[in-house]
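Here's a friendly walk through this model, one region at a time. Have a look at the structure first, then read on.

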Amino acid sequence: MPCPERGLTCPRRRMAKMEANQQMANSQRRVANSASEALPNRAALHVEWTSINWKHAEQLVSRLQARIAKAAAEKKWRTVKKLQYLLAHSRCAKLLAVRKVTTNKGKRTPGVDKVLWSTPAQKMKAALCLTDKGYKAKPLKRVYIEKKGKKEKRPLGIPTMHDRAMQALYAIGLDPVAEVTADKRSFGFRKGRSCHDAMQQIFICTAAGNRAEWVLEGDIKGCFDHISHDWLLENVPMDKTVLKQFLKAGYVYGRDLFPTDEGTPQGGVISPILANLALDGIEDFLHANYKGQKVNLIRYADDLVITAVTYGDAINIKAGLTVILLTRGLELSPTKTLITHINDGYDLIGWNFRKYKGKLLIKPSKKAIKSITSTLSEKILRKGKALPQKTLIILLNQTLRGWGNYHQPVCAKETFSHVDYILFKMLWQWAKRRHPKKGKRWIAAKYWHQVGNRKWVFCDGDTKLISLSDIKIIRHTALKLDKNPYLDPEYFSKRKLARAKKHLSSPFKEVWTRQKGLCHLCGLPMDSTEDYQYEIVNVTASGVSCAARKVLTHKHCFELFCESRPKG
Ligand SMILES: [Zn+2]
């Protein structure tokens, strides 16, 4: 497929060419589909996909990744390049790339070519077709999604399945290098790191009495959209031809094709890694220029704060930061970049950090509270209007558990009771609206019951609504900043296990402990922080589904398991 955007300037000509390309793609797709759907071929592909040894594939890829990380740490860049090539051309990595894009959230959203990979045969064929030979990325499909609580919409680009898989494939080789070169206190989109680690670092850098008291809150203007392509092409350690394809793919909106001259392909798997790479190096710059001045950078994706001893220092740092960002095609938003005293407090990733009489308290931010109440109101008073009580409770518990876990390590007791109170008011309204002719007592007796010592529990039989106030505050264990997930995997898996022991609720916890945190199906470690990654399924030892016992598996493993199971 020729890349459609080159040498075309007139939009109408561009459009004509686009349509021609589209038609060609369609006919090619028909030919390809009919070839792959031919039964013997399809059956063979099906068998090949369903009999893949995923554990073996993952182990092989992690070994290569570890070698890349090691070479990068020793600054042996030629070895890095060689190993990356090896990885990008290995069957196992290709299989994992296809698995990733066919089991994640966007798997049912096609790109401009309208192709989806849903059957095992399609997936297998896709993996066999992944190659950089003559690779041309197709333009992204531009959609606008609503921003939470805002009127303006956010643009999002959707690559085709093939391009997504290519990005996932190259991300496998790029991430180990990015981990080595990354800033120490950068936490967003990093393997084994979380928002909680960022919060913990802010605590470490600002809590004690002798710490810097001023903070520069940096807001980078449309970070993902403006990163300089020249900078990326010069500095990102990966295959330049492929990277150029990712960056210059252009996008389609309506029937028009637009070129992309800056920014990373948002919506692609590789974007967060590229954005992180573009923002790395700020820490070194600060340490070199403001040595011994208690200047620390804490960054989560494009949200960043820098500590400073005086207001003047902060202004200086802001000037320095502006210069270094400029080299990467980025700039600070003049209105949203603020210099704040710790006594006045500032927000970052859902929390408010502020000193009260010299003591640093971290609480859920006002914005985070607003966001949860509007989600609850949406679920109860709009979508949940006609739902049975039981279904509503299950839905609400999911939201509450997730939100509660996020804020569990901070001073959230007060906020939790406050949200519980708001929740009660909403549920009362929900119940009243269902029975406009009934009295208060009748409604209360129908939906609220006494459970143990507690009155007013919103429950239906055994299904009861979680109360946020019951969530215990558990301190977060600090991360050792010099550990690398590719070079010190044991440290990270131990940390995951310990976290799971503290955080998982009882049905999960027992199964988790019995399986020692390993997936029942592939035998590899699971991540307890991302609870969508596992599911409770009923499986016997022979692997046939029946109500024998509950096990935990990776979500992708479970999907593959369902796929390979004989139907009917
Ligand atoms: Zn698994």
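Helix 7 (residues 161-181) and helix 12 (residues 271-279) have axes that come within 10 Å and cross at roughly 25 degrees. Those axes are lines fitted to C-alpha atoms over the stretch in contact, with angles running from 0 to 180 degrees between N-to-C directions. Helix 7 and helix 12 are therefore roughly parallel to each other; that label covers angles under 35 degrees, while over 145 is roughly antiparallel, 65 to 115 roughly perpendicular and the rest oblique. The crossing is left-handed, as the near helix is turned anticlockwise from the far one by less than a right angle. On the helix 7 side, Ala-171, Leu-174, Asp-175 and Ala-178 make the contact, and on the helix 12 side Ile-273, Asn-276 and Leu-277 do. A contact here puts two C-beta atoms, placed from the backbone, within 7 Å. By class, this patch has 5 nonpolar, 1 polar and 1 charged residues. Ala, Val, Leu, Ile, Met, Phe, Trp, Tyr, Cys and Pro count as nonpolar, Asp, Glu, Lys and Arg as charged, and the others, Gly among them, as polar.

Keep in mind that this is a predicted model, where local features need pLDDT of at least 70 and side-chain atom pairs count only at pLDDT 80 or more, while totals for chains, interfaces and linings use all residues. Residues are numbered from 1 along each chain as its sequence is written.

Overall, the protein chain has 21 helices and 16 strands. These are DSSP runs numbered from the N terminus: helices are H or I with at least four residues, strands E with at least two. Of the 568 residues in the chain, 35% are buried, meaning that 20 or more other C-beta atoms lie within 10 Å of a residue's own (exposed is 12 or fewer, partly exposed in between). Among contacts with a separation of 6 or more, 69% join residues 24 or more positions apart.

Now for the sheets. One open sheet of 4 strands runs in the order 2-1-4-5 with mixed pairing; two strands pair if DSSP finds at least two bridges between them. Its edge strands are strand 2 (153-158) and strand 5 (256-258), each pairing on one side only. Neighbouring strands in this sheet are turned by 40 degrees against each other on average, direction ignored. Another open sheet has 3 strands in the order 12-13-14, with antiparallel pairing. Strand 12 (448-451) and strand 14 stand at its edges with a single partner each, so one side of each has no neighbour in the sheet.

Here is one strand pair from each sheet:

| Strand pair | Sense | Bridges | One bridge |
|---|---|---|---|
| Strand 1 (residues 140-146) and strand 4 (residues 251-253) | parallel | 2 bridges | Leu-140 with Tyr-251 |
| Strand 12 and strand 13 (residues 454-460) | antiparallel | 3 bridges | His-449 with Val-457 |

What about burial? Helix 6 (residues 120-129) is largely enclosed by the rest of the structure, because 8 of its 10 residues are buried. Among them are Lys-123 and Met-124.

Gln-201 sits in helix 8 (residues 195-206) and counts as buried because it has 23 C-beta neighbours inside 10 Å. Leaving aside residues up to four places away in sequence, Gln-201 touches Arg-185 and Ile-298. Its C-alpha atom is 9.9 Å from that of Arg-299, 98 residues apart along the chain.

Asp-470 is found in the loop between strand 14 (463-464) and helix 19 (489-503). With 10 C-beta neighbours inside 10 Å, Asp-470 counts as exposed. Asp-470 and Lys-413 are 57 residues apart in sequence and 9.1 Å apart in space, C-alpha to C-alpha.
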